[in-house]
Amino acid sequence: MGRWVKPEVYPLMAAMTFVSSLCLFQLTRNMFLNPDVRINKSHRTTAVLENADEAQKYSQHGLRRFLSRRPPEIMPTINTFFSGIKRDE
């Protein structure tokens, strides 16, 4: 193992582990929580599922609700500094 794992490979391994874990998280989330994915045989027999509440809950998750209340700026402090507009916090 020492022949293949060298110190210069560690950043690549870290990046690949991070990306793989993100993919695994998204696949698991979609498989268990997405209302359009049908794993049960009973759900697969119905052509259209009437589950608007479940779809709303899936699409409006906590992170999206949090970000919808924030201004659409990446660096608000720098934006207000260069625009000269004083905001009341």
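Is Ile39 buried, partly exposed or exposed? Select Ile39 and show its surface: at 44% relative accessibility the residue counts as partly exposed, where buried means under 20% relative accessible area, exposed means over 50%, and partly exposed is in between, with a 1.4 Å probe and protein chains only.

Before going on, note that this is a predicted model, in which local features need pLDDT of at least 70 and side-chain atom pairs count only at pLDDT 80 or more, while totals for chains, interfaces and linings use all residues. Residues are numbered from 1 along each chain as its sequence is written, and side-chain values use heavy atoms, with hydrogens and water left out.

**The whole chain**

Colour the chain by secondary structure, and five helices and zero strands appear, in the order α-α-α-α-α along the sequence; helices (H or I, at least four residues) and strands (E, at least two) are DSSP runs, numbered from the N terminus. Of the 89 residues in the chain, 6% are buried. The chain exposes about 8,500 Å², and carbon and sulfur atoms supply 64% of that area, as calculated by the Shrake-Rupley method with a 1.4 Å probe, where for residues only the protein chains shown count as cover.

**Helix 1 and the loop after it**

Select residues 12-32 next, which an unreviewed UniProt entry lists as "transmembrane region"; UniProt positions are given in the numbering used here, feature names are shortened, and annotations may be inferred rather than shown by experiment. This span is 100% helix and 0% strand, and its end C-alpha atoms lie 30 Å apart.

Now return to Ile39, which lies in the loop between helix 1 (10-33) and helix 2 (41-45), and add Met31, Phe32, Leu33 and Val37 to the selection, since together with Ile39 they form a nonpolar patch on the surface with about 480 Å² of accessible area. Patches are made of residues with over 30% relative accessible area and no salt bridge, with like charges joined within 9 Å and nonpolar side chains (Val, Leu, Ile, Met, Phe, Trp, Tyr) within 5 Å; a salt bridge is a side-chain nitrogen of Lys or Arg within 4 Å of a carboxyl oxygen of Asp or Glu.

**Around Tyr58**

Move to Tyr58, which is found in helix 3 and counts as buried at 17% relative accessibility. Leaving aside neighbours within four places in sequence, Tyr58 is in contact (heavy atoms within 4.5 Å) with Gln26, Arg29, Asn30, Leu33, Asn34 and Pro35.

Two of these partners deserve a selection of their own. Asn34, in the loop between helix 1 and helix 2, is buried at 17% relative accessibility, and its C-alpha atom is separated by 6.4 Å from that of Tyr58, although the two residues are 24 apart along the chain. Arg29, in helix 1, is buried at 18% and touches Asn34, Tyr58 and His61, not counting residues up to four places away in sequence.

Stay in helix 3 (residues 52-59) and select Gln56, which counts as partly exposed at 48% relative accessibility. The C-alpha atoms of Gln56 and Pro35 are separated by 9.5 Å, with their positions 21 residues apart along the chain.

**The aromatic pair**

Finish with the count of aromatic pairs, which comes to one. The rings of Phe81 and Phe82 have centres 5.1 Å apart and planes at 80°, so the pair is edge-to-face; rings of Phe, Tyr and Trp (its six-membered ring) pair if their centres lie within 6.5 Å, and planes under 30 degrees apart count as stacked, over 60 as edge-to-face and the rest as tilted. Phe81 is exposed, with a relative accessible area of 63%, and Phe82 is exposed as well, at 66%.
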